[in-house]
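Colleague: Could you take a close look at one helix for me and then place it in its chain? I'd like the buried and exposed sides, whatever sits over them, and a word on how far to trust the picture.

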Amino acid sequence: MDELVAAAAKATGQSETMVKRSAAARAKAQGTTVEAVLAEWAGVAVPAASESAAVAAESAPAAPTAASAAAPAAKAALDVEETGEEVAAAPAPATAHVTPVAAPEVVPVGAIPRWLASLFVIVPVFALAYVAFLPNGPSCGDAGRLAVDPVSGEMVNCDGSAYGDTEVDFFALGEETYTSAGCIACHGPGGAGVGSFPAFTGGVLLTTFPEGSCATHIEWVTLGTSNWPDATYGANNKPVGGSGAVMPSFGTTLDAQEIAAVALFERVSFGGQELAAAQTDCFGTTPELAPPAEG
Amino acid sequence: MASEADKSIGRRGASALSGTAVRLAFAISGLFLVAGLGLFILAAARFVWPELLDGNGMLSYGRVFPAGANALLFGWLTVAFLGLAFHAVPRLVGASLAFPLIALGVILLVAGGAAGGVAMVLFGENAGGRWLEFPLLFDAALAAGYVGAAGLLVLTARRGQHERIPLPAWYLIAGSVWLLLAHVAGAVPGLDGLPAEIQSTFTGTALFGLWAASAGVGVAYFVAGRVLPDATFNERLGRIGFWSLTLTWAWTAGRLVQYGPTQDWIETVPVVFGAGLVVAVLAIAADFAGALQGRWSAVKDSPPLQMAVAGLGFLAVTVTAAFVASLRSVSSVVQFTPWESGVETAALLGAFTLFAFAGIAHVAPAARGRSWGRWSGRLVVWPVTSGVGVAVATRLIGGLQEGLSWLAGVQSGAYDNTSDGFEFSFAPLRGLDMAYLVGLTLVLAGAAVFVLRLLSLSLGSATEIENSTFGYTTQPLKTLLRGAVAVFVFAGLGTFAFPAIDSHAEASVLAESTRNFAANPAAQLGREVYIREGCWYCHTQQVRQVITDIGLGPVSQPGDYVYDPVGLAGSRRIGPDLTHQGSRADTGSAAWVRTHLSDPRADEEWSVMPSFRYLSDEELTALSVYVSGLE
């Protein structure tokens, strides 16, 4: 018993009287014996002391680190209970040379896991950098943020244009549609016509559908020969189906915007109309003139 | 030593009285838990069966939801944690509880204040402002109780045998001080509009982080030290965990106004502190993991320890989901969706409730010389953790789903998030709402088992609980209190005072033309009804500068709110935004609003709004004048 007290006192760095008194209190609280508590603090095993000690006794002599891990724990407990002194952060050296208790693998008191320690450095650095570089958050266009129109108060794109009003290149759309919809097969890649199918070049196009009458041009492409209501079409009153060729009704396969774009492309590329004039001619000043076709 | 301990515990009569205060707190808080959960479930059921008990004023969502939330925060958690503090702090500092008769009074005052406040909310006397709903009288009762609680705990610590007090007592003593200070911050008078909105976000965040989370973690440390007397906590992690958790949490309040009409810097702060908060919780979790290493079988055997560990898990979920939502790119999608409700559920019903369970399940049986029991432990832990897990998951998933469909509608140009367009993002959530309801019901089942077991433990004779020693890190009381006040003042200045001053603005043109009701008594009454009936729990009045809000009209400015007596910007869109409701061609007229208020599903069958036909004719007309006047 005295040996144990001495060992425990040495391991915890406290006086023998204090260790004895603390052990008595702790034993009472835990429902174990004074010897068991002392043994635990001293880092040695006594027979039938406590379950963990008994198990530990069976195991092979453990490394001295096990004992040194147990010592500060005991010391911390002592401090809280009796002395009220600052708890030492550094582990006290263990000197007991009797069978050491195989303490569970705990992180030594005071040590912080390395991953956590690095987080404590990284996160504040990240935080300060974030505030320093982005005190007002992401700039317009990032993270869902838009600009506000100073007059209306409504949200607009970052360049001040209305949201959803994306600029469509109607000429490019028309050029693409001219090929994809098959216009090219009959009217030729250069608009010179194929066989009995009419050419657009050489002023032909703008003779039939002069400047300002793109709407008629669009109507012709939409309806075709079979749906055209009159016997003639165009400014020069060409007979419908006169050349023996059939113009298909593209209203069933293309939408209004694509048809208007094709008309624009033909008028500019083959008819020689100015792009800006043709755009006004075929699309008007507002995009609403060419809404997407229903169905 | 034994004789010293007896002396320190004091006279037996006083000790028995403090035991009575603790047991009374447990019993009362248990009743609040069941009542609060019941109200929560009723509110959640409205999403699935909108017609259920419709047209009854007391059961209107705008009353039931806040009543349930307040019953849980003030009635259940606050009373339970105060009871646990009255039990644990004397044992941690080695002194008997100071003035146990006052402790009994504190419990009765707080419970009475909470019960009265909840009843007033149910009767339609909501004062406005999230977590500030109680009328003045009941606030005063709570404040008086908090003064008593903080005073008693500090006095008890000063009487203690030791100059230095151990870690769990830091959380409980400082928490009680913060509870009082947060309440005082919420009662600062004279704020309106946006500053009032900031006040309520700060108070709510402080009540969660500085009071409930603090007290909960303290209880978890106390329980772990009791169940495993040989466990060694890491001194440095304990210190770091305490100071970093409490330093960061209150600073995250700005998350709730992300992208809103407040200044941008106010919304940057929670990103920074939210990240710190995640690390703080990791430190605490690492401390527990270190202490429990090699003792996991003890967790299996001890219900209180299981509850504490599960609580820590939900605490991690809470702070992670909150941090993610404070990032602007995420916020622009999930803000105003069920996401924030997921964060709240994880905190209130997950972390805090399980911490309180852990404490009570340890303390209540010990007073009878018994233990909680393995099966009654399992019957609480499994339903509650799985139920909260399901509930939180449905809220987070639902938040993402709704936010993304708001975005999809605007980006495709197919619909905007008003009137009928709102249906496309709202109606698909029915399935998740159903699962949420099931989750909450599971929680209620676990809570019912808990309360029954608690009541069964009240039978039988009391035994004295022994004082014992603890292996925690310590610090002097004076240092703790100075630090606690500094933490609060620092956070209060940074996330309440400065933002409130910075958000002060001159009345905007919009405010002058559509929100100034000096000469419009009908609209003024309508706004009162709007506040009292809690319309603002489901409708925002703010258009943010983000893609999701395209089509809602002009973006909200700080000056738009100057005439609102309380913050009405709102934080959730269960229904569409109302900032410019009066400008809508199809649904903006007073006549349409009035019809919709009295029979919400006549026109829009997907609506989950309660019918307000229980209001008087005058009130109904006034409310529709107010809402249709918001142009």
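Modeller: On one side of α7(A), A:Ala172, A:Thr179 and A:Ser180 are exposed, meaning that 12 or fewer other C-beta atoms lie within 10 Å of their own, whereas 20 or more would make a residue buried and anything in between partly exposed, with C-beta atoms placed from the backbone. This is a predicted model, where local features need pLDDT of at least 70, side-chain atom pairs count only at pLDDT 80 or more, and totals for chains, interfaces and linings use all residues. Residues are numbered from 1 along each chain as its sequence is written, while chains are lettered from A and ligands numbered from 1 in the order in which they are written.

Now the other side. Helix α7 of chain A covers residues 170-180, and its buried residues are A:Phe170, A:Gly174, A:Thr177 and A:Tyr178. Seen down the axis, these buried residues fall within an arc of 105°, so they line one face of α7(A); the arc is that of the directions from the helix axis to the C-beta atoms. Helices here are DSSP runs of H or I with at least four residues, strands are runs of E with at least two, and both are numbered from the N terminus.

What lies over that face? The cover for the buried residues of α7(A) includes α8 (183-187), α11 and α12 (275-283) of chain A. After α7(A) comes A:Gly182, with a positive phi near 100°.

One of those covering helices deserves a stop. Helix α11 spans residues 256-269 of chain A and holds A:Ala263. A:Ala263 counts as buried because it has 29 C-beta neighbours inside 10 Å. Leaving out residues up to four places away in sequence, A:Ala263 touches A:Cys214, A:His217, A:Ile218, A:Val221 and A:Cys282, a contact being two C-beta atoms, placed from the backbone, within 7 Å. As for A:Glu219, 44 residues away from A:Ala263 along the chain, the two C-alpha atoms are 10.0 Å apart.

Step back to the whole chain. Chain A has 12 helices and four strands, and 34% of its 295 residues are buried. Of the contacts in chain A between residues at least 6 apart in sequence, 60% join residues at least 24 apart.

There's also a backbone oddity in chain A. Most residues other than glycine have a negative phi. A:Ala143 isn't a glycine, yet its phi is positive, about 50°. You'll find A:Ala143 in the loop between α6 (114-133) and β1 (147-148) of chain A. A:Ala143 counts as partly exposed because it has 18 C-beta neighbours inside 10 Å.

Finally, trust. pLDDT is the predictor's confidence in each residue, from 0 to 100. Chain A has a mean pLDDT of 72, with 65% of its residues reaching 70 or more. Over residues 46-107 of chain A pLDDT stays under 50, and the model has 135 contacts beyond four places in sequence for that stretch. Residues 286-295 of chain A also stay under 50, with 11 such contacts in the model. Where pLDDT is low, the predicted coordinates should not be read in detail.
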